[in-house]
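Open your viewer, keep the sequence panel beside it, and follow along. Each stop says what to select and what you will find there.

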Amino acid sequence: MFDTAQEYLEYLQQICTKVYDLPFEKDPEFTKLNSQDVVHLSPDQLDGMYQMKFLLNQYLNAILNTVSPDLKEKIESSLAIGFVRNGSFNATCSKSSTGKYAVLIYEGLFILLNKHGKLAHATNNPKIVRFCNRGDIKTLTSDDYIKFMNELFDNYKKYHFPIGALVKLDSKYLSHMVSIMLSELFTICHEIGHFINGDFDEEANFANLADHPFEAFIEDRSHEIEYKADLSAYPIFEKAAFNLFPEMEKNNFVPVLSTFFAIMGTVSNSKSESHPEAFRRMTNILAAYYSEQIALDYLASFESQEKSNEFFSRFVSD
Ligand SMILES: [Zn+2]
């Protein structure tokens, strides 16, 4: 029935899309600023998903450019990755009866990563905020932006959608985009990690998605499977990340991934004790691809704010 992974993906995208009727915040000033920012884009590009799809292609190209010829062949012949609007999962995979794999990424997860990235940047330096619909940017403080961040996480857990404060940053300060993009890249590499490890070929790892007539991979079913997917994902992530950002250093990935795992731990619905697992994922990667000592120092960084500052300052280049 489905000759290519892309065909299977497109079929799933059609049947999987959910309509969200939620208390979205709107603000005429925010809409105006947004339309000014995109004034140079063509109507085609203005399609809401354009930029996300464009970035997804960039990530895929960076991965395909840097993996082994063998894996490249495997991915190109049997795997497709795309977005869906369905918050029953953050990312999952479905396999067609013809042996094609469609990796589905929930678009809300990438929107969440973007909104979080902006708020984290605003928390570090409230002066770079150009607009916020929640108050006068001259009086909003770091604490306010932290509050907005927590609210964003709460809403994501409650509605499965990242509803939160509307913030625009001064376009001169775009450094947070790198962290956001690397988090998105890792999300994809993690799924490819499952693919490499053969997790998408084990029937026991699949279940029917609520309301949908197809089976999807159950994320977080076993810690062991997840840790191994991270370990297979990291080398692919690292090469693709250098391909996208040649000026970066390996050390710069530590704070980025640590934040990413913390976000995933915070919004993961399945466990009340999700935080420890989030930092165990990071510890695993550090022990395998950095050093045992860095992994231990990372764990110690949770003991106090000072230790945390000291630890992360080691990984930021001036
Ligand atoms: Zn996984």
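**A hairpin to start from**

Select strand 2 together with strand 3, residues 101-106: the two pair in the antiparallel sense, over 5 bridges. One of the matches to pick out is Ala 91, whose bridge partner in strand 3 is Ile 105. Bear in mind as you go that this is a predicted model.

Now show the turn of this hairpin, where 5 residues lie between the strands. Click on Gly 99 there and read its phi, which is positive and near 80 degrees.

Stay with strand 2 and turn on side chains. Which residues point one way from the strand, and which the other? Ala 91, Cys 93 and Lys 95 take one direction, while Thr 92 and Ser 94 take the other. Both groups are buried. With 5 of its 5 residues buried, strand 2 is therefore largely enclosed by the rest of the structure.

**Widening to the sheet**

Add strand 1 to the selection. The result is an open sheet of 3 strands in the order 1-3-2, with mixed pairing. Its edges are strand 1 (79-84) and strand 2 (91-95), each of which pairs on one side only. Look along the sheet to see the twist, which averages 25 degrees from one strand to the next.

Next, bring in helix 1, residues 5-16, which packs on this sheet and touches strand 1, strand 2 and strand 3. The direction of helix 1 makes about 20 degrees with that of strand 1. Helix 6 also packs on the sheet, touching strand 1, strand 2 and strand 3, and its direction makes about 45 degrees with that of strand 3.

Helix 6 deserves a selection of its own: residues 107-124. Put a distance label between its end C-alpha atoms and you should get 26 Å. That agrees with the 26 Å that 18 residues should span at 1.5 Å a residue. Is this helix mostly buried or exposed? Since 13 of its 18 residues are buried, helix 6 is largely enclosed by the rest of the structure.

**Into the nonpolar core**

Hide the cartoon for a moment and select Ala 102, Val 103, Leu 185, Cys 189, Phe 237, Ala 240 and Leu 257. These residues have the most contacts inside the largest nonpolar core, which has 79 residues.

Centre the view on Cys 189. Leaving aside neighbours within four places in sequence, what is Cys 189 in contact with? The list is Ile 63, Ala 233, Ile 236, Phe 237 and Ala 240.

From Ala 240, go across to Leu 60, which lies in helix 4. The two are 180 residues apart along the chain, yet their C-alpha atoms are separated by 8.6 Å. Leu 60 has 19 other C-beta atoms within 10 Å and counts as partly exposed; the cut-off for buried is 20 or more.

Step along to Asn 61, also placed in helix 4, residues 50-66. Asn 61 is partly exposed too, with 13 C-beta neighbours inside 10 Å. For a long-range distance, pick Asn 61 and Leu 231: they are 170 residues apart in sequence and 21 Å apart in space, C-alpha to C-alpha.

**Two single-residue stops**

Select His 160, in the loop between helix 7 (142-159) and strand 5 (167-169). Where does its phi fall? His 160 has a phi near 60 degrees, a positive value in a residue other than glycine. Most residues other than glycine have a negative phi. His 160 is also buried, with 20 other C-beta atoms within 10 Å.

Then select Ser 258 in helix 10, residues 253-267. Ser 258 counts as buried, with 23 C-beta neighbours inside 10 Å. Show Met 282 as well: it sits 24 residues from Ser 258 along the chain, with 6.1 Å between their C-alpha atoms.

**Zooming out**

Finally, show the whole protein chain, with its 13 helices and 7 strands. Its radius of gyration is 20 Å, close to the 20 Å that the globule rule gives for 318 residues, so the chain is as compact as a globular protein of that length. Along the principal axes, the C-alpha trace spans about 60 × 50 × 40 Å.

Colour by burial, and the buried residues make up 35% of the 318. If you draw a contact map, consider the contacts between residues at least 6 apart in sequence: 67% of them join residues at least 24 apart.

Note on methods
Residues are numbered from 1 along each chain as its sequence is written. This is a predicted model: local features need pLDDT of at least 70, side-chain atom pairs count only at pLDDT 80 or more; totals for chains, interfaces and linings use all residues. Helices (H or I, at least four residues) and strands (E, at least two) are DSSP runs, numbered from the N terminus. The expected span of a helix is 1.5 Å times one less than its number of residues. A residue is buried if 20 or more other C-beta atoms lie within 10 Å of its own, exposed if 12 or fewer, and partly exposed in between; C-beta atoms are placed from the backbone. Two strands pair if DSSP finds at least two bridges between them. Axes are lines fitted to C-alpha atoms, for helices over the stretch in contact, and angles run from 0 to 180 degrees between N-to-C directions. Two residues are in contact if their C-beta atoms, placed from the backbone, lie within 7 Å. A nonpolar core is a set of buried Ala, Val, Leu, Ile, Met, Phe, Trp, Tyr and Cys residues joined through C-beta atoms within 7 Å. The radius of gyration is taken over C-alpha atoms; the globule rule is 2.2 Å times the number of residues to the power 0.38.
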